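Work through the exercises below with the coordinates open. Each task is followed by a solution in steps.

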Amino acid sequence: MKKILLSLMIALLLAPGLVKANPTQGGDFVAGKNTFLLNGKPFILRAGELHYSRIPKPYWEHRIQMCKAMGMNTICIYLFWNYHEQQPGVYDFSGDKDVAEFVRLIQKNGMYCILRPGPYVCAEWEMGGLPWWLLKKKDLKVRTLADSYFVERTKLFLNEAGKQLAKYQIQNGGPIIMVQVENEYGVWGNDAAYMSIIRDGIRAAGFDKVQLFRCDWSSNFDRYNVPGVASTLNFGAGSNIDNQFKKFKELNPDAPLMCSEYWTGWFDHWGSPHETRSISSFIGSLKDMMDKKVSFSLYMAHGGTSFGHWAGSNSPSFAPTTSSYDYNAPIDESGHATDKFYAVRDLLKNYLQEGETLTDVPAYPEKTIEIPAVKFIQTASLFDNLPVAKKSEDIQPMEFFDQGWGSILYRTTIPASAKIRKLTISDVHDWATIFVNGKIVGKLDRRLGDREVEIPATASPARLDILVEAMGRINYSEAIIDRKGITKKVELSEGNNTTELKGWSVYNFPVDYAFQQNKKYKPAPAKGPAWYKATFTLNKTGNTYFDMSKWGKGMVWLNGRNLGRFWKIGPTQTLFVPACWLKKGVNEIIVLDVDKPSATTIAGLNHPILDKTAQDESLLHRKKGQNLDLTGVKPVNTGSLPAGNGWKAITFDQMQNGRYLCFEALNAQDANDPVTSIAEFELIGEDGKAISSQLWRVLYADSEEVTTVNNSADKIFDLQESVIWQTQTTSSKTKHPHQVVIDLGENVNVKGFRILPRGDKSNVGVVKDYRVYLSKAPFKF
Ligand code: GLA
């Protein structure tokens, strides 16, 4: 009897949600007057963000323990709607997607949890967490009450999330102390009614007791207000804490202060320099927060990897994110402690609260191994392995062929002609190769705004093939309605005659492993885009990094797992291979390369390559020897900007019109400072609102610092306030005036402009005197 009772007690203790014997079970947590209160006592959150979907499940607990050892008392997680509902109504919270298990592990390790269920999460994650199948609705609108379908599907998902996690609210005995409503809604809109509906949806899903909160920026948190939802701010490494919270404190004098995303580093885009943030600037502001009793969450504590097709893209300008989500975070992509980790640990040991201890850094669960180069002999050329075609009179994006991710091939016939013709594709999402009778005639890259290729003369009607590879869907800004493939039309022009091409055969290439495996592989060189297959044998497993630097562009599957994307342009040249996905014995790799490898081998390295951009990738918006010639061009406005932080607005004397803009900085606030830096730049339209920058493209910038950091000129209209344009900082290489020239994509009426200086502690490059030029015709060089 005693035995039965004992086992019953043990079973009860181990039952999900009832794990005792740690400090995070049960109680209450609220945003009190000027402080958070845990069970009635002041409490400072030191949270670290982890994404369970970016960490292989066997390592979840290790990464949680790493956060604890870094000095965290809380883990912050997003829920990714599209990860759990890949088909409408089919919810999956099992295996790798068992987020409830992740939350239980947080509790088991004596930590609290902040939950951020979206529906929109951003996170450099495909479509910001929204499911692609929403896009099958032609007039879809998101993050608004204007689309009842979106709101309905959101509520259904939140209910499922509630079924999984509501029982883990702290008031029910679990570790969840706060739940976030939406994500940085102030960047998107100011519709308090929409935010209230999301708040109510979260409550109705069962999160009925927990403290709710929202996060925004110091520049936009006041755009809306949602009763019952605490407010927090997000900002990056090196920020001036007093400046960040100045206005917030004025408007919310009783609120506890929290930075719910303190950006530890930043993410990488294909074709751009690797992003890093220095330990000194990062630690400095973290210490400031601790000294001022400001709660924080490190975004990311550990970024991990956006495996498979899950990495998103940014816009404007279109910039797909790499699969490595290392983030220059304190815990690196593979889960190892970096110097930043030890800097955080060293700092936070001085700020522990009653009952908290700094745990030991846990042993790393795996060894790192090298794998000698594996040769790929077996190939399956894409054109020899076409799936069954679908017919479509009009061209349409892949969503309308029920395809979520991958590549798509559009085929039609073009008439004979003795002349060279022009093919215009609007729009390529995201990377296309154009073939005529099987021969490559051009490649189009959405990042570069490419739309046209020349079609050679053909003596008889010819077969036109357009193979389009989709990168991640945009996860930021109004551009998140981002259908893939070809979105509008394809036109063929000969002289003044333009015809829209019709009558398409469409071939879908999804990303599922079964689809890649099931090809006619043979030991022969590939012709054009192709799958490559190889096996290799291991007698011990360990973490490794596949070196993809010799391959063109595509994806890799290891033992059935999609590791992610590669692209020769870098900066990432490796794919992280977790030990738990390798096997002792025979392992299989399949590569789909939609471009062309220079050698078909893959070796496993003992280190990642995150910072090697291809030589031919132009990182600068200035050609060698190119100089802007403004002789005879009259500025539409000149002036002097005041010193200090925050947005500065200038109204022109009269409305101006034009398509080409040049902003010229004549000097900086410090007269001896040769640098220019700008965080954001907006043009104000007739209606007094910012003109959308989605069509903008940088044509020229006299100087950009892209060697050690990514301070390219397009950062001034990317709508991300924490990343900036900065001219080169070596004084011998830089001097005023500094100019940036932007093609606005169309003629616009402009009433004035707004400019935001950098928001970190530095003052370098903040513009004083300036000139603005606006012209209907391009400027001369
Ligand atoms: C914002 C978002 C996050 C993430 C970061 C940048 O703060 O809320 O999801 O996208 O930017 O990494």
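**Exercise 1. Locate the ligand.**
Task: In this predicted model, state which cavity corresponds to the space taken by the ligand.

Solution: The ligand takes up the space of the largest cavity.

**Exercise 2. Describe the shell.**
Task: Determine which residues come nearest to the ligand and how the shell divides by class.

Solution:
- Step 1. The ligand has 15 residues around it, and those that come nearest are Tyr-78, Glu-124, Glu-184, Glu-261 and Tyr-327.
- Step 2. Sorted by class, the shell consists of ten nonpolar, two polar and three charged residues.

**Exercise 3. Polar contacts and burial.**
Task: Find the distances from polar side-chain atoms of Glu-261, Glu-124 and Asn-183 to oxygen atoms of the ligand, then state how much of the ligand's area is buried.

Solution:
- Step 1. The cut-off for a polar contact is 3.5 Å between N or O atoms.
- Step 2. For Glu-261 the distance to a ligand oxygen is 2.3 Å.
- Step 3. Glu-124 has a polar side-chain atom 2.7 Å from a ligand oxygen, and for Asn-183 the value is 2.8 Å.
- Step 4. The ligand exposes 300 Å² when taken alone, and the protein buries 99% of this area.

**Exercise 4. Classify an aromatic pair.**
Task: Among the 53 aromatic pairs, take Phe-652 and Phe-753 and decide whether they are stacked, edge-to-face or tilted.

Solution:
- Step 1. Ring centres must lie within 6.5 Å to pair, with planes under 30 degrees apart stacked and over 60 edge-to-face.
- Step 2. The centres of Phe-652 and Phe-753 are 6.3 Å apart and their planes stand at 50°, so the pair is tilted.
- Step 3. Phe-652 belongs to strand 34 (residues 648–665) and Phe-753 to strand 39 (residues 738–756); the two are 101 residues apart, and the pair links distant parts of the chain.

Definitions and conventions: Residues numbered from 1 in each chain as written. Predicted model: local features only at pLDDT ≥ 70, side-chain atom pairs only at ≥ 80, totals over all residues. Heavy atoms only, no water. Near = heavy atom within 4 Å. Polar contact = N/O pair within 3.5 Å; in protein donor to acceptor, adjacent residues only side chain to side chain. Areas by Shrake-Rupley, 256 points an atom, 1.4 Å probe, with all protein chains shown as cover. 1 Å grid on protein atoms, 1.4 Å probe; cavity = no way out; pocket = protein on both sides within 12 Å on 5 of 7 lines; lining within 4 Å. Sits in = over half its atoms within 2 Å of the grid points. Nonpolar A, V, L, I, M, F, W, Y, C, P; charged D, E, K, R; others polar. Phe/Tyr/Trp six-rings, centres within 6.5 Å; stacked < 30°, edge-to-face > 60°. Helix = DSSP H or I, 4+ residues; strand = E, 2+ residues; numbered from the N terminus.
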